[in-house]
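Dear colleague,

I am handing over the structure below, together with a written account of what was found in it. Please keep the two side by side as you read.

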Amino acid sequence: MDVLPQAHACIDLETLSLRVDAFILSIGACSWLEGDEPGVFRGVFAMNINPHQPGRHIDAATVAWWAMQSQEAREAAFGDIASGVVDLPPLSFALSALKTWLVGLGSPKVWTNDPSFDAAVLKHANGGELLWHFRNTRCCRTAADFVSDEEYDAMKAALSITKHTALGDAMLSGGCVQLYQQKTSALRVAAR
């Protein structure tokens, strides 16, 4: 019986605070199977969240930071809200949809740029429960240490993403993880 390669997902959040109870603007994620070509994803998840989030924290410094970001990033994060469209899914729906998307991948290793932020914010928003098995949590920053500046810049150019959009940042981080996996796989083969 053939065993499928390990599934992976990378998740990124755009928020209005750096606290664990941060107001969540959007969630982006991408998925791949171990061994896939770096920068190629099998699926994506992207959802902007309804601004009615009672109790979620908004920080003035983070709002000011957003004001300094590119117009494309601000439109991606705030476009629906700024245009008066509030027919966005509630946070509870977005969390449920993300969990369903992750379950559809089997038991993926879940990468976030910093588990002490993205994973912690999602866990807090979901009533203290992670949306995936805790043992599957991985850190993109650790993998990125194995990616050179040139490789990072090439991945960013190849993906043609807008910085500070949840899906774009998830794809860039996921691409770096894929490069890391490619390098460590080659090391394992060479060590045999």
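**Two buried residues, one sheet and two cores**

At 3% relative accessibility, histidine 8 counts as buried, because anything under 20% falls in that class. Please bear in mind throughout that this is a predicted model. Histidine 8 belongs to strand β1, which covers residues 7–15, and its side chain makes a polar contact of 2.8 Å with the side chain of glutamate 34. Leaving aside its neighbours within four places in sequence, histidine 8 touches a set of residues that includes Cys30, Ser31 and Trp32 as well as Leu105, Pro108 and Gln181.

The strand that holds histidine 8 is part of an open sheet of five strands, whose order is β3-β2-β1-β4-β5 and whose pairing is mixed. The edge strands, each of which pairs on one side only, are β3 (43–48) and β5 (137–139), and from one strand to the next the twist averages 20 degrees. Strands β1 and β4 (residues 109–112) run parallel and are joined by four bridges; in one of the pairs between them, alanine 9 has valine 110 of β4 as its bridge partner. Across β1, β2 (24–33), β3 and β4 lies helix α3 (residues 91–103), which runs at about 175 degrees to β3.

As for the interior, the largest nonpolar core has 25 residues, and those with the most contacts inside it are Ile11, Ile27, Leu98, Leu102 and Trp132. The elements that give two or more residues to this core are β1, β2, β3, α3 and α4 (118–125), and among the contributors α3 gives the most, with seven residues. A second core, separate from this one, has 16 residues, including Phe41, Val147, Leu159 and Cys176. As general background, nonpolar side chains in soluble globular proteins tend to be buried together.

The other residue to look at is cysteine 140, which is placed in helix α5 (residues 140–144). Cysteine 140 counts as buried because its relative accessibility is 3%. Setting aside its neighbours within four places in sequence, cysteine 140 is in contact with Cys10, Trp111, Thr112, Asn113, Ser173 and Val177. Trp111 is also among the residues in contact with histidine 8, should you wish to move from one site to the other on screen. Finally, the C-alpha atoms of cysteine 140 and threonine 162, which are 22 residues apart along the chain, are separated by 18 Å.

With best wishes

Methods. Residues numbered from 1 in each chain as written. Predicted model: local features only at pLDDT ≥ 70, side-chain atom pairs only at ≥ 80, totals over all residues. Heavy atoms only, no water. Buried < 20%, exposed > 50% of the residue type's maximum accessible area, 1.4 Å probe, protein only. Contact = heavy atoms within 4.5 Å. Polar contact = N/O pair within 3.5 Å; in protein donor to acceptor, adjacent residues only side chain to side chain. Pairing = 2+ DSSP bridges. Axes fitted to C-alpha atoms, helices over the stretch in contact; angles between N-to-C directions. Core = buried A, V, L, I, M, F, W, Y, C linked by side-chain atoms within 4.5 Å.
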